[in-house]
Amino acid sequence: MTPNLKDRVALVTGASRGIGYFTALELAKAGAHVIACARTVGGLEELDDAIKAIGGSATLVPFDLADMAAIDKLGGAIHERWGKLDILVANAGVLGTISPIGHVEAKVFEKVMTINVTATWRLIRSVEPLLVKSDAGRALILSSGAAHKCRPFWGPYSASKAAVEALARTWAHETQRLPLRILSVDPGATRTAMRAQAMPGEDPATLPHPSEVAAALMPLLGLDQTETGKLFIVRENKIVDYRMPE
């Protein structure tokens with residue numbers, strides 16, 4: 001069930017397409033004001049038009065997550081305008097290349113780690129004080145099954161998502177006595193541009209649409225969701241615990 005998010009302020013990264021786009025749209029439908037971040041101005045403008053068409057509201061923030069200073073400024077700007085943040089959906093990420101680890105170019109590996117890991121940490125650092133000011137802060141950190149499967153040729157992406165989950169779990173443990181609830185999310189294979197890049201021979205019609213994933217995330221953002229430091233598997237529609245290697 002989609003919660004009532006009226007008067008809530010939500011930040012979504014990677015909001016110009018795919019899961020980020022449709023999550024931002026679902027948040028707006030639920031009544032939240034959406035702060036939409038992405039590099040692609042055209043995609044953000046399309047999102048803004050879609051949100052306005054349903055009577056919602058959004059603030060567009062076009063910037064590259066590789067710009068760490070911009071991430072730092074984002075938290076300050078949100079504080080000045082709203083004084084708090086209720087929801088964070090850290091969705092933005094890059095795939096890199098699908099190739100043997102020894103063949104990955106240094107600049108490709110560094111970009112994957114910068115966008116997927118360092119920018120996520122910087123974002124957490126920037127907005128945590130705002131989420132703590134909410135009476136029920138909620139954070140979703142988008143991960144992937146690649147974090148655990150570690151399939152051949154997916155090294156940089158797998159490593160980055162494992163690192164992101166470690167950040168989310170640590171953050172959740174640090175804030176477990178607060179109203180803030182933090183979950184990692186494994187969306188599963190989804191009909192996105194990133195998936196098409198990774199699996200060019202796959203029929204996209206066989207995969208769930210990103211709007212389906214976005215709808216599945218909405219119940220995680222309401223007051224009734226009290227789990228933290230765990231993983232939500234979209235395909236199974238359940239929150240699972242982490243455990244030590246066996």
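This dialogue discusses a helix pair and a sheet in a predicted model.

Student: How should the packing of two helices be described?

Tutor: Two packed helices are described by the angle between their axes and the distance between the axes. Here, helix H1 (residues 18-29) and helix H8 (residues 210-217) pack at about 50°, with axes 8 Å apart. H1 is therefore oblique to H8 (under 35 degrees is roughly parallel, over 145 roughly antiparallel, 65 to 115 roughly perpendicular, the rest oblique). Helices (H or I, at least four residues) and strands (E, at least two) are DSSP runs numbered from the N terminus. Axes are lines fitted to C-alpha atoms, for helices over the stretch in contact, and angles run from 0 to 180 degrees between N-to-C directions.

Student: Which residues of H1 meet H8?

Tutor: Gly-18, Ile-19, Phe-22, Thr-23 and Glu-26 of H1 meet H8 residues including Pro-210, Val-213 and Leu-217, contact meaning heavy atoms within 4.5 Å.

Student: How are the strands of a sheet joined?

Tutor: Strands of a sheet pair through backbone hydrogen bonds, either parallel or antiparallel. In this model, an open sheet of eight strands has the order S3-S2-S1-S4-S5-S6-S7-S8, with mixed pairing; two strands pair if DSSP finds at least two bridges between them. Its edge strands are S3 (57-62) and S8 (238-240), and the twist averages 20° from one strand to the next. Strand S7 (residues 230-233) runs antiparallel to S8, joined by three bridges.

Student: What conventions apply?

Tutor: Residues are numbered from 1 along each chain as its sequence is written. Local features need pLDDT of at least 70, and side-chain atom pairs count only at pLDDT 80 or more, whereas totals for chains, interfaces and linings use all residues, and side-chain values use heavy atoms, leaving out hydrogens and water.
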